[in-house]
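Hi,

Here is the structure I promised to pass on, with my notes on it underneath. I hope they help you find your way around when you open it.

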Amino acid sequence: MSFLEALYFIVPTTIAYAAPLILTAIGGVFSERSGVVNIGLEGLMVMGAFIGIVFNLAYADVFGGWTPWIALLVAMFVSALFSVMHAVASVSFRADQVVSGVAINMLGIAIALFSVKMMFGKGQTDFIQKKIPRVNIPILQDIPVIGPMFFKSVYGTSVLAILVAIIAWFVIYKTPFGLRLRSVGEHPMAADTMGINVTKIRYTAVIISGGLAGIGGAIYSQTMTGDFGHATINGQGFMALAAMIFGKWHPIGAMGAALFFGFAQALAISAGSISFIENVPTVYFYILPYVLTILALAGFIGKANAPKANGVPYIKGSR
Amino acid sequence: ACGTDKEKTTSKGGNESEFSLAMVTDVGGIDDKSFNQSAWKGIQDFGKDNGLSEGDGGYAYLQSKGEADYTSNLNALTRRNFDLVFGVGFLMEEAINTIAEQKPETNYAIIDGVVEQPNVASILFKEQEGAYLAGVAAALMTKSNKIGFVGGMEIPVIERFEAGFVAGVAAVNPDIKVDVKYTGAFDKAELGKAEAGRMYSSGVDIIFHAAGGTGNGVFTEAKERKAADKDAYVWVIGVDSDQYDEGQVGDDNITMTSMLKRVDVAVQDIAKLAKEGKFPGGETKVYGLQDNGVKLADSRGAIPDDVMKQVEEYAKKIADGEIKVPEFAK
Amino acid sequence: MEHVIEMLNITKQFGNFRANDNITLQLRKGEIHALLGENGAGKTTLMNVLFGLYQPEKGEIRVNGKKVNVTSPNVANDLGIGMVHQHFMLVENLTVTENIILGNEPKKMGVVNIKDAAKKVAEISNTYGLNVDPYAKIEDISVGMQQRVEILKTLYRGANILIFDEPTASLTPQEIQELIGIMKKLITEGKSIILITHKLQEIMDVSDRVTVIRKGQGIGTVITSETNPEELATLMVGRQVTFKTEKGPSNPTEEVLHIENLVVVDYRGVEKVKGLNLSVRKGEIVGLAGIDGNGQSELIEAIAGLRKVKSGKITINTTDITGLKPRKITEAGLGHIPQDRHKHGLVLDFSVGYNAALQEYYHAPYSKNGLMDYDVISEKAAKIIEEYDVRTQGVHELSRALSGGNQQKLIIGREVSRDPDLLIAALPTRGLDVGAIEFIHKRLIEQRDKGKAVFLISFELDEVMNVSDRIAVIHDGQIVDTVIPSETDEQELGLLMAGHSREEREQQVMKEGADRDV
Amino acid sequence: MSNRLIKILVPAISIILGLLVGAIVMLFSGYDPIAGYIALWNGIFGDSYAIGETIRQISPYILAGLAVAFAFRTGLFNIGVEGQLMVGWFASAYVGSAFTLPMYIHLPFALLAAAAAGALWGLIPGILKATLRVHEVIVTIMMNYIALHVVNALIKTVSGGSYKTERIQPTASLRSEFLSNLTDYSTLHYGIFVALAMVVVMWFILEKTKTGFELKSVGFNENASQYAGMSVKKNIILSMLISGAFAGLGGAMEGLGTFGSMTNQGGFTGIGFDGIAVALLGANAPLGIIFGASLFGSLKYGANNMPNAAGIPLEIVSIVIALIIFFVACGYIIRVGLQRLNKKKEAK
Ligand SMILES: Nc1ncnc2c1ncn2[C@@H]1O[C@H](COP(=O)(O)OP(=O)(O)OP(=O)(O)O)[C@@H](O)[C@H]1O
Ligand SMILES: Nc1ncnc2c1ncn2[C@@H]1O[C@H](COP(=O)(O)OP(=O)(O)OP(=O)(O)O)[C@@H](O)[C@H]1O
Ligand SMILES: [Mg+2]
Ligand SMILES: [Mg+2]
C-alpha cells in the first residue's frame, strides 16, 4: 500500500470504527459530569444494538430506506428508558453506582438474548436488509486528498457522531443546563443552595447517556454486524468508558479518544499488510491498538481529573 | 436431573432395543449457523427417521456457556442414560476423554477432535478439501487476480481452511496471490469489516472467510459496496453452513458460494452405526469430499455452469485421490 | 422596632439530638446581629433552617412580620435571604461569574449570556468595593476573594438579609478589615446582616446586638455597646475564660530547627520561598507572622518533607533533613499540626483510634513484625481522648463524625503526645471557639516549658502576639525581621508584613514626628 | 431490629425480589416459574454431583472477587482482573506441564507462577498509576485485550503450533480423586481450599498487618497518608500487585483444577468481570465475597439445569442474577423500608 492509499483506508476506517464509541462515550460524559458513574454503558449499548436490529427487521417494509434511521431513534428511546433504572438506583436509592452499572450490563445482555430467543427461537436475529448506507458527499468528495479521505463513502452516522460531539460541547459549555450539569457533578450541595434541583439534573444526564449509548449500539449493529447475537456488543461499552476517561470527561476529548482507538485499530490492520513486516508475528498487530493507547496515555496525557462528586450520591443536608 | 435418575435407570434396563442420543454444544449453541446447528440438525433428522422424540430416551442437547460447562453437561447427559453422546468441537476433547474413562458403558463421539478411548468415536473433516474447491472457484471467478482470506483465530482447523484454499487457488493460477489475514477473534465484526474493506480497496474481489462472527463484518463490507454500486464485482465465500441469506443486498446477493461442513451427515452416520451395534469406538473417522462430509453449497447461479464443471473436475480428482490437498499452511 | 426576620421558638432535631432547642432570634432592619456560641452550639443549624436547607420541627419564621414557610433555598432567595456558608459553596472549576449566576442564568437564544452577566457582576462588585475578577476561576483565587464571591452571589440575587456563617475564620487580618468595611457599607444600603463568628473582638467592632446560644439553647440577646468580650465569653461557655494566655518567660537553649538559604517552588514552579533563613530553639515559641500567600505553606511543607526543596538546607537537631522522606523527618524529631486538617491531618474514614496512631503505627508497640496491635492503639487513643478532651463516642467512631474542633484536638493530641523536639503548629485554632483556643494555646506553652521548640504559623496577629516568644515576619518568601512581642505592636507588625523594613518604619515615625513639629 | 439483622436481611430481600421479578418474567413469557426454580434448585443442590460442580464453579469467583475488592479497598478500580486471570491460567498450565517435579514443589510452584503472572499484569497499571497518574481503569481495560492475544500466542508457541497447552503433570494438579468420588465424579478440586485460604489472607493483610493499614489509609486519603510518612506510590503498586496475584490464582483454579490445560481463548472468560459484581455483592469484605461468589457461582451453575429440566432458556437466570445485584445496590431503600416497618411495629 502506498502512503496515500494507506491514508485513504485508515481515515475512513478510523471514523467508522469510532462512531459508535463517540456517541456512547459522550453519553458517559453527560452522566459522569453530573456525578453519576456509568459503567453500565456496555449494557445500554447492548440494548441499543438489539433494539436497532429488531426494529429494523420488523419495520423495513414500512419505512424502507428510512428504517435504519428510525431504528436509531427507537433504540435511543428504549435505551434511555432502560437507563432510568440506573438513575433511580444511583440518584434516588443512593446505590453504589458501580454495582448498579454492573447490574445494568448484565441485565442488558440477558434481556436482549432472552428476547431474541423468544422472538426468533434461536441465538441470534436474522440479518437486516435495510442498512445504514455509505454516501459520497457531493462536491466535497472531489477535493484532492481530503475528498477521498473524509467525503467518499462515509456513513451518515459518522457525520452524526461528530455533530453530536459538537452539540454536546455546546450544551455542556454554553447552555444553562450545561452549567448546572457541571456544577452538580462538582459540588452538588453548592448547586442545591443555588436552587438547582440536583436530582432532576442527574436523572436527565443519566437518561441522555442511555439515549446516546443506545444510538451508539444501534449504529454498531446496523453498520458492523447486520444482526444481533451474544457477541455483537463485546466490550465496546468498556472501550467507550476508556475513551471518556481518556478524553478527560470532555465531549471533544472523548471524540478524540474514540478516533484514536479507531486509528490505532486501522493502523494495526494496514500495518499487517505492509510487505516488509509480513514476518512479524500477528500477535503484535492484535495488541498494537491497546499498547498504543497505553503509551499515548502515559506519554502525553497524564492525570485526568474526574468530576469531584462523581460516584457520590447526593444526600441533602449531609456534609 | 431431579430425582428421576433412578427410575430412569430401571426403566431403561428393561428396554434395551430403544436407542437414544444427545449432544453437548460448545458456546455457539444449536443455532449458531455453524457446526453446532449442523450437528443438531443431524441428530434431529436421525430422530425423525427413527421415530424418536425429543427428551430423555429420545434425543436432546445441552448448551454450554463456557468451557467449564463441557464436563458437567456431558455428565448430565450420561446420567440421563443416553446411549450415544456427541461433543461438538475440538475444545471438548479433554472433557470427553475424562468422562469416557469414568463411564465406560456409554458411547461418546467427538466432532473435530480426537480422543483415544475404546468408547469414543472421533470425527474429523477434511476442511482443506472443501476449501480447495472454494479456492478453485475463486481463482476461476476473479477478475482482478487478487483474492482474500480472512481467518478468525490461528488455530489448526482454521489453518486447514487456509491451506486448502491457498492450494486451490494456486492449482488454477499460481500467479494469484492470496491475501491471508487473521483477525485474532471470532467475534469482532468490526475487525472483519475493516480487514475486508482494506482487501476490497486494494483490488481483491473475492474473500473467503473462516471467521465466525468476525465474518459477519466481511459480509457487511461486501454488501455495502454492492449497495453503493450495483455493478461492483465483490464476492464473499461463506463457511460451515450455507451463508446465502447473509449475502442478500436488495435483489443482488454477494455470496458466491459457501463451503459446507456436513456435520449432520457425520452425526447421522455415526448414530446409524451405533444403533446397528457397529459403533466405531476407538476409531477416527475422517469425512472428506468422498464421504459427502465437505462440499460447496449451491451457488444459485453466481458461479456459471462452465466454471462449476471445472470445479467438479477438481472435486473428482480429490475424491479419487489424484490430488492430495495439503493440511497445513506454509 | 421593625424586625425583618423573626425566628420564634425554633426547634430542630437530628434523630434524638436537639441541635436547636426553642431558640428565638430577631433581626432588626439595618442592623448587624451577631450570633455567638461554642463549636457545635447549633448556630449553623439555625441558619440552615432560615435558609431553607433544614425544616424545623417546631417554631415559626416571620419575614417582615409575615409568617413564611421556607421549604428550600429557592424560597429563601425569593424572600431576599442570602447566605454565605461556613464551608464555601463554590464550584471550584467554574469561573466567578458562572458561580454567581448558577441557577439564575441570563440567556440569549438559549445560550448563557456570560458577557452580560460578567458585566453585571463587575458592576455590583464595584458598587460594594468587592474587587473580584468576573472571569477568574475559583480554584485560582484567594480565599478572601472566594469569600467576596460568596457575598456577590447573594447580592446578585438581590438579597436584603444576609447571613454570614463564620466568614472570617480563614481570612487574613487585612481581608477581615476589608470584609468589615463591606458589611458596614451593606448596612448603609439598607441591608440587614446576621454574623456568626468566634472572634469576640469582631463582634464588639461591628455588631449592634448579640444573640448567644449554648448547647442548642438560646441564652439571650444583648446590646453590644452594653457588654464586653469577657461577659460574652462567659455567657457562651458558661464559665470564666482567660484571654491573655498566661505564660512565664522563656529560656531558649540549643537550636532545634535551622533553615539556611531555603528556596522552595510552588506547584506551578514559581519560587515562593526565596532564600529564607530561620532558627527555632528549644524552650521557645517562634511565631511566623505574615500575609497569606507569602510562602508560609511552602515553607511548612518543605520542612515536613511534603514538598521538594529547590536549594538550601534544613536541619532538625543537627540532622540534615533536606530532601528526606516525611517519615525520616518525623523520626528526626518533628511533630506537625497541619494547616488543612481534612487534607493532611486525618483520614476521615478511619476511626478515631486509627487516626491517633497515624504517625506511629509502624513501630513498636503499635505494630510488631509487620503486624498491628490494635489493642495498644486503642489504649493510646483512649488516653489522647481523655487528656485532650476530644468529644467523641469512642475510639471506634469515624473521625468524619467529629466536629472540626474535636478533630483538631485529636490531631494536636496525636502530635504532642509523641513529644517531638520541634512542633510545627499551622493555623491550629482556625474556626475554633474561644474555649477551645484557650485550651490549645495552653498546650503549646506547656510544650515550650518542657523544653521543646514550637513553631507557630498564624494569620491572627492576636494569637501570634499572645503565644510567641519571638515573632518572625515573613514577606515574599523571606524573613524580613524578627521581633519580640513585648517590644512591638500590631501596627509595626502590619508594616513588616507588608514588606517594609524596620528602618523604613523608624524613618517613617521620625518623619511623622518631624511633620508634626512643623 | 438490630443492625446485624438488617445487614443480613438486605441481601436476603434482594435475592427474594430478584427471584420474584424473575418469576414474573417467566410467567409472562409462558414458562412455569415454579418448575423453573425447582430445576434451578436441583441444578445447584440436586445431588452430590451438582453440589460438587457448584463449589468448583465458586472457587475462581471467590478469587476474582478478592482481586477486585482488594484494589477497591485501596481506592483503585481494577477492571483488569479478567486479563490477570488469563495470564495466571496460562502460567499455571505452562508450569504444570513443562516441569517434572515432586508434588510438594510442583504444585506450589505452579500456583506461585499463576500468582506471579497475575501480579505482573497488575503491576503495569499499578506503576503507571503510581508514577504517571494514568487512570487505572483505562489501562486495565487495555491490558485485558493484550492478555487475551498474548496468551493465545503463547499457547501456540509453547505447544508447538497447537491450540492448547499440554496436559499438566499429576504432580501439579489440584484435582482430587477423593473430592471427585465424594461428589460422584464431579470436577470438584482442592482449589476451593486455595480460594478460602486467600480469603483469610486478604482479611489478614487488611485487618492485621501494617501493610493493610497503609493500603487502606492510602485508599481513603492519599495526602494524609503521605503526611503520615507512607509511600503512596509503593502502596498503589503493591495493591495492584496483590490484586493481580489473587486474580492470577483464580486462573490457576482453571489451569490446575478444572481443565488441567489451557486452550486458545476465543474471548474473555467473563469470570474477571463477574468478579466486580461478586466483590460489590460482598461489600468488598472478605467474608462478604464468599457470600457473593457462592450466590453467583451457584446461580450460574444451577442455571444449566433449567433448559433441560424445565425447558426454560438460560438467559432467564442471567436476568435474575442481574436483578439481584441491582436490588443489592439499592440496599439503602430496602434498609429504609425495613426501618419504617420496624418503627411501625415499635409504635404498636
Ligand atoms: N446533619 C446533621 N446531622 C446530625 N446532627 C447534626 C447535623 N448537623 C448538625 N448536627 C448537630 O447539631 C449540632 C449543632 O451543629 P452546628 O453545625 O449548628 O454547630 P455550630 O454552632 O455551627 O458550630 P460551629 O461554631 O463549630 O460552626 C452539632 O453538635 C451536631 O451534633
Ligand atoms: N452527617 C452528620 N451526621 C451526624 N453528625 C454530624 C454530621 N455532620 C456533622 N455532624 C456533627 O455536627 C457537629 C458539628 O459539625 P461541624 O462540622 O459544624 O463542626 P464544627 O465544630 O463547626 O467544625 P469546624 O470547626 O470545621 O467548623 C459535630 O459534632 C459533628 O459530629
Ligand atoms: Mg464550625
Ligand atoms: Mg457552624
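**Chain C against chain A**

Between chain C and chain A the count is 3 salt bridges. One of them pairs Arg182(A) with Glu98(C), whose closest N and O atoms are 3.7 Å apart. Please keep in mind as you read that this is a predicted model.

The same rule-based search gives 5 residue pairs in polar contact across the interface of chain C and chain A, both residues being at pLDDT 80 or more. On the chain C side, the elements that give two or more residues are α2 (73-78), α3 (96-101) and β8 (111-112). The largest share there, 4 residues, comes from α3(C). By residue type, the side of chain C that touches chain A divides into 14 nonpolar, 8 polar and 6 charged.

As for extent, 28 residues of chain C and 20 residues of chain A take part in the contact. About 2,100 Å² is buried between chain C and chain A, and carbon and sulfur atoms give 64% of that area. Leu53(C), Met89(C) and Leu102(C) lose the most area to chain A within chain C, together 24% of what that side buries.

**Chain D against chain A**

Which chains have the most contacts among the 5 pairs that touch? Chains A and D do. Here the contact takes 40 residues from chain D and 43 residues from chain A. The buried area between chain D and chain A is about 3,700 Å², with carbon and sulfur atoms giving 85% of it. Ile138(D), Met142(D) and Phe326(D) supply 16% of the area that chain D buries against chain A, more than any other three residues.

Turning to charged and polar pairs, the rule finds 1 salt bridge across the interface of chain D and chain A. Glu315(D) forms a salt bridge with Lys117(A), and their closest N and O atoms are 3.7 Å apart. There is also 1 residue pair in polar contact across the interface of chain D and chain A, both residues at pLDDT 80 or more.

The helices of chain D that each supply at least two residues of the side touching chain A are α5 (103-132), α6 (136-158), α12 (271-281), α15 (315-329) and α16 (331-347). With 11 residues, α6(D) gives the largest share of that side. The residues on the chain D side divide into 34 nonpolar, 4 polar and 2 charged.

**Elsewhere between the chains**

Over all chains, a search of the whole structure finds 69 salt bridges. Among them is one between Glu94(B) and Arg167(D), where the closest N and O atoms are 2.4 Å apart. This pair crosses between chains: Glu94(B) is in helix α4 (residues 93-102) of chain B, while Arg167(D) is in the loop between α6 and α7 (177-182) of chain D. Chain B and chain C, on the other hand, do not touch, and their nearest C-alpha atoms are 39 Å apart.

**Two sheets in chain B**

You may also like to look at the sheets of chain B. An open sheet of 6 strands runs in the order β2-β1-β3-β4-β5-β13 (chain B), with parallel pairing. Its edge strands are β2 (59-62) and β13 (284-287) of chain B, each of which pairs on one side only. The twist from one strand to the next averages 20°. Within this sheet, β4 (residues 107-111) and β5 (residues 120-125) of chain B pair in the parallel sense over 4 bridges. Tyr108(B) stands opposite Val120(B) in β5(B).

Another open sheet in chain B has 6 strands in the order β7-β6-β8-β9-β12-β14, and its pairing is mixed. At the edges stand β7 (177-182) and β14 (294-296) of chain B, each with a single partner strand, so one side of each is left without a neighbour in the sheet. The twist here averages 15° from one strand to the next. Strands β9 (residues 235-240) and β12 (residues 255-261) of chain B run parallel and are joined by 5 bridges. Opposite Ile237(B) stands Thr257(B) in β12(B).

Happy to talk it through whenever suits you.

Best wishes

Technical notes. Residues numbered from 1 in each chain as written. Chains lettered and ligands numbered in written order. Predicted model: local features only at pLDDT ≥ 70, side-chain atom pairs only at ≥ 80, totals over all residues. Heavy atoms only, no water. Contact = heavy atoms within 4.5 Å. Buried area = accessible area lost by both parts, 1.4 Å probe. Salt bridge = Lys/Arg side-chain N within 4 Å of Asp/Glu carboxyl O. Polar contact = N/O pair within 3.5 Å; in protein donor to acceptor, adjacent residues only side chain to side chain. Nonpolar A, V, L, I, M, F, W, Y, C, P; charged D, E, K, R; others polar. Pairing = 2+ DSSP bridges. Axes fitted to C-alpha atoms, helices over the stretch in contact; angles between N-to-C directions.
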